[in-house]
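Me: Could you take a close look at one part of this model for me, the salt bridges and the helices they join? I would also be glad of a word on the surroundings.

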Amino acid sequence: MMRKKLLLMGFSGSIGKQTLDLLKEDDEYELVGIAANTSYYEVDQILDSFPSITSVAFSGLSSYENSRVKNIYLGDNALLKMIEDNKGAVILNALVGIAGLAITVKAIENNSEVLLANKESLVIGGDLIKKLLIEHPKASIFPIDSEHSALQKLICCEKESIEKLVITCSGGALRDVPLENLKNIKAEEVLAHPNWQMGKRITIDCATLVNKAFEVIEAHYLFDTSLDNIEVLMHDESQIHSLVFLKDNSMLAEIGPSDMRIPISYALYKKRMKKKCFKDFKITDLHFRKMDLKRYPLFNKIINWYNECHANMAIINAADEEAIEAFVQDKISFIDIEYVIEETLRKTKVIEINNLEDILNLTVSKKYKGKLESGEIGIPMENSKFIFGSFKCC
């Protein structure tokens, strides 16, 4: 059997590393290319395990040499060029943030199968991606997020009987911290997630529920269902990953360990696999709670902002990225993340989005991205060392 060629975008992150764990046991895929921003120091170790790799790409490097690699791509368009030169390869997109959107677009235009762990591709570019999939019917998207992977399996079982989709939510590391203490919380406390080992941004987004609002919007696109038909259920243990309500008032649930290698495996093989690297699992007592909108005000706000204008999501995502970085650097407090996002959206002129360039003009313009200097169209925040310079576009 001919092995499928695979490009792993974001090999140095949590999803990337767990994918590499799975591929070490694999005889279906041939890993031919890996990509990251700057993590060159990990390449030789990966090459030891995967001599099939012929291409390496770094978007954040201008120079890199490795005699063991045939093709090296560097700079802003490095990842796109690697995809272009590997037509027919499956693309596993594990990049974080807006950087992953261009990868998804390019992969679809190349008629590739995309295994998607980059939720921003659909949250920000959902309308564009939907249009491109119609134009390129040979291309496809398969989700990797644990919640969406669970829904994919449940929907396949009971497609004709489903009334509502339910995504679960742990509430993050601060779910039991008194509200009055949130302004004094430090980044290391937020990053201590009770159930999952994840990257910095997604872990902080779990504590604000920005991540969960994004997942609802992502599910809306993946499963072609209205936002009103998707609920979020707070569930402490993260053992139930998603549920579906059925017409007869019963429910189906996907229950398993907090192990991202399980949904990654399902995306790769389209069936349940037995792998040595999977976590052992014993079901515990399960606890649920109602969402506290005082603790998580951004959840409903983001859903409402999406309903007002889909282009808002590009601005919200960019502001969230900047605010999280400022919080990690102790320039703003945890509760200021909400303030930064809301004020950025209020001060930004939204343009109509027709293509990828329009989205990038809203989010990654070198002229405006990262303007966090105090005093520049900034608004002082109480109890904060930080004044946010708002994004602009015209």
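Reply: Happily; here is a walk through the salt bridges, followed by a pocket and two loop residues.

First, some ground rules: this is a predicted model, in which local features need pLDDT of at least 70 and side-chain atom pairs count only at pLDDT 80 or more, while totals for chains, interfaces and linings use all residues. Residues are numbered from 1 along each chain as its sequence is written, and side-chain values use heavy atoms, with hydrogens and water left out.

The structure holds 28 salt bridges, where a salt bridge is a side-chain nitrogen of Lys or Arg within 4 Å of a carboxyl oxygen of Asp or Glu. Let us begin with Glu325 and Lys200, whose closest N and O atoms are 3.2 Å apart. This pair links distant parts of the chain, as Glu325 sits in helix H12 and Lys200 in helix H8 (residues 200-208), 125 residues apart. Helices here are DSSP runs of H or I with at least four residues, and strands are runs of E with at least two, numbered from the N terminus. Glu325 is partly exposed at 30% relative accessibility, and Lys200 is partly exposed at 38%. For these labels, buried means under 20% relative accessible area, exposed over 50%, and partly exposed in between (1.4 Å probe, protein chains only).

Helix H13 takes part in the next two pairs. Glu338 forms a salt bridge with Lys301 at 2.5 Å, N to O. Because Glu338 belongs to helix H13 and Lys301 to helix H11 (residues 297-308), this contact ties together parts 37 residues apart in sequence. Lys301 is partly exposed, its relative accessible area being 25%. Arg346 and Glu343 also meet in a salt bridge, 2.6 Å from N to O. Both are in helix H13, and they are about one helical turn from each other because 3 residues separate them. Their surroundings contrast: Arg346 is exposed at 57% relative accessibility, whereas Glu343 is buried at 14%. Elsewhere, Glu120, Arg201, Asp205, Asp320 and Glu321 are joined into one network by salt bridges that share partners.

Now to the pocket. The second largest pocket has a volume of about 300 Å³. Of its 15 lining residues, Lys130, Leu133, Tyr221, Leu222 and Asp224 are the closest to its centre. (On a 1 Å grid over the protein atoms alone, a pocket is an open set of points with protein on both sides within 12 Å along at least five of seven lines, and lining residues have an atom within 4 Å of a point; the volume is the space filled by probe spheres set on the points.) Helix H5 (120-135) gives the most to the lining, with 6 residues, and strand S7 (140-143) and helix H9 (210-222) each supply at least two. By class, the lining has 8 nonpolar, 4 polar and 3 charged residues; Ala, Val, Leu, Ile, Met, Phe, Trp, Tyr, Cys and Pro count as nonpolar, Asp, Glu, Lys and Arg as charged, and the others, Gly among them, as polar.

Finally, the two loop residues. Most residues other than glycine have a negative phi. Asn111, however, has a positive phi of about 60°; it lies in the loop between helix H4 (99-109) and strand S6 (113-116) and is partly exposed at 38% relative accessibility. Asp330 likewise has a positive phi, about 65°. Its loop runs between helix H12 (312-328) and helix H13 (336-347), and Asp330 is partly exposed, with a relative accessible area of 32%.

Terms used
1 Å grid on protein atoms, 1.4 Å probe; cavity = no way out; pocket = protein on both sides within 12 Å on 5 of 7 lines; lining within 4 Å.
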